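Subject: Handover of a structure and notes on its fold

Dear colleague,

Please find below the structure I promised to pass on to you. My notes on what was found in it follow directly after it.

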Amino acid sequence: MPVPVLTSSQGAAVSLSAHPATLSDSAATLRLSGTRQGCAQARAFTERALSHWRLDQQRDDALTIVSELVSNALLHARPCDADGAADTEVLLKLTLRGPHLLCAVTDSGSTLPVCPQTPAPLAEHGRGLRIVDALAEHWGWTRHALKGKTVWAMLPTGRGAGCEGVATA
């Protein structure tokens, strides 16, 4: 069986051999191992799903949101080891729900997302959730009973509530 490979818009090949992925007409799921390559894998996977669903107009906003949510999960879920790998799995799920695209990232960390008041002008961190807030129609998080959380954001697709991402003749 050939190893699935995605190509990002910049032409970079991203192997998904160790990262099971599924893609249907209304949902796409990618399990990331927590390595530094996780954001690139998530972006390439998101591009493929949006292309499959013909949602090119949401590309930039969805890629920015997915990048922020995945990088937060990789950075804050658990500390990395010397090789840069986190001892956690991160799950990216993209779902078409009526007129919305739901971008959700699940990790095993217990730290809930916090939108800082105002980051210092030269600070390297502290703007990601503000960007998500500006781009998403809605965003939030769900804490899981035993451990972990899902941080999610919803983008309008510009499609009617009954479309569900399926082309009609």
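I begin with the second helix, H2. The elements that cover the buried residues of H2 include strands E4, E5 and E6, helix H1, helix H3 (128–135) and strand E8 (149–156). Please bear in mind throughout that this is a predicted model. The buried residues in question are Ala62, Leu63, Ile65, Val66, Ser67, Leu69, Val70, Ala73 and Leu74. H2 itself counts 18 residues, and the distance from its first C-alpha to its last is 25 Å, close to the 26 Å expected at 1.5 Å a residue.

To place this helix in the whole: the protein contains three helices and eight strands. Read from the N terminus, the order of elements is β-β-β-β-α-α-β-β-α-β-β. The chain has 169 residues, of which 40% count as buried. Taking contacts between residues at least 6 apart in sequence, 60% of them join residues at least 24 apart.

The sheet

Six of the strands make an open sheet in the order E3-E4-E5-E6-E8-E7, with antiparallel pairing. Strand E3 (21–23) and strand E7 (138–143) lie at its edges and have a single partner strand each, so one side of each is left without a neighbour in the sheet. From one strand to the next, the twist averages 15°.

Going through the pairs from the E3 edge, E3 and E4 are joined in the antiparallel sense by three bridges. They form a hairpin with three residues between the strands. Within this pair, Ala21 has Leu30 of E4 as its bridge partner, and Thr22 stands opposite Thr29 of E4.

E4 (residues 27–32) then pairs with E5 (residues 90–97), again in the antiparallel sense, over six bridges. Here Thr29 faces Lys93 of E5, while Ala28 stands opposite Leu94 of E5. Thr29 is thus matched with Thr22 of E3 and also with Lys93 of E5.

On its other side, E5 is joined by seven bridges to E6 (residues 100–107), and these two strands run antiparallel. One of the matched pairs is Leu91 with Thr106 of E6. E5 and E6 form a hairpin with two residues between them, and in the turn Gly98 has a positive phi of about 55°.

Helix H1 and its neighbours

H1 (residues 38–52) has 15 residues and spans 21 Å between its first and last C-alpha, close to the 21 Å expected at 1.5 Å a residue. Its buried residues are Gly38, Cys39, Gln41, Ala42, Ala44, Phe45, Thr46, Glu47, Ala49 and Leu50.

H1 and H2 (residues 59–76) pack at an angle of about 150°, and their axes are 9 Å apart. Since angles over 145 degrees count as roughly antiparallel, the two helices are therefore roughly antiparallel to each other. Their crossing is right-handed. On the H1 side the contact is made by Gly38, Cys39, Ala42, Arg43, Thr46, Glu47 and Leu50, and on the H2 side by Arg59, Ala62, Leu63, Val66, Ser67, Val70, Ser71 and Leu74. Among these contact residues, Ala62, Leu63, Val66, Ser67, Val70 and Leu74 of H2 are buried, as are Gly38, Cys39, Ala42, Thr46, Glu47 and Leu50 of H1.

The loop after H1

One residue in the loop between H1 and H2 may merit your attention, namely Arg54. Most residues other than glycine have a negative phi. Arg54, however, has a positive phi, near 55°, although it is not a glycine. As to its surroundings, Arg54 is exposed, with a relative accessible area of 60%.

In brief, the points I would ask you to look at alongside the model are these:

- the antiparallel sheet of six strands, E3-E4-E5-E6-E8-E7;
- the packing of H1 and H2 at about 150°;
- the positive phi of Gly98 in the turn between E5 and E6;
- the positive phi of Arg54, which follows H1.

With kind regards

Notes. Residues numbered from 1 in each chain as written. Predicted model: local features only at pLDDT ≥ 70, side-chain atom pairs only at ≥ 80, totals over all residues. Heavy atoms only, no water. Helix = DSSP H or I, 4+ residues; strand = E, 2+ residues; numbered from the N terminus. Expected span 1.5 Å × (residues − 1). Buried < 20%, exposed > 50% of the residue type's maximum accessible area, 1.4 Å probe, protein only. Pairing = 2+ DSSP bridges. Axes fitted to C-alpha atoms, helices over the stretch in contact; angles between N-to-C directions. Parallel < 35°, antiparallel > 145°, perpendicular 65-115°, else oblique. Left-handed = near helix turned anticlockwise from the far one by under 90°. Contact = heavy atoms within 4.5 Å.
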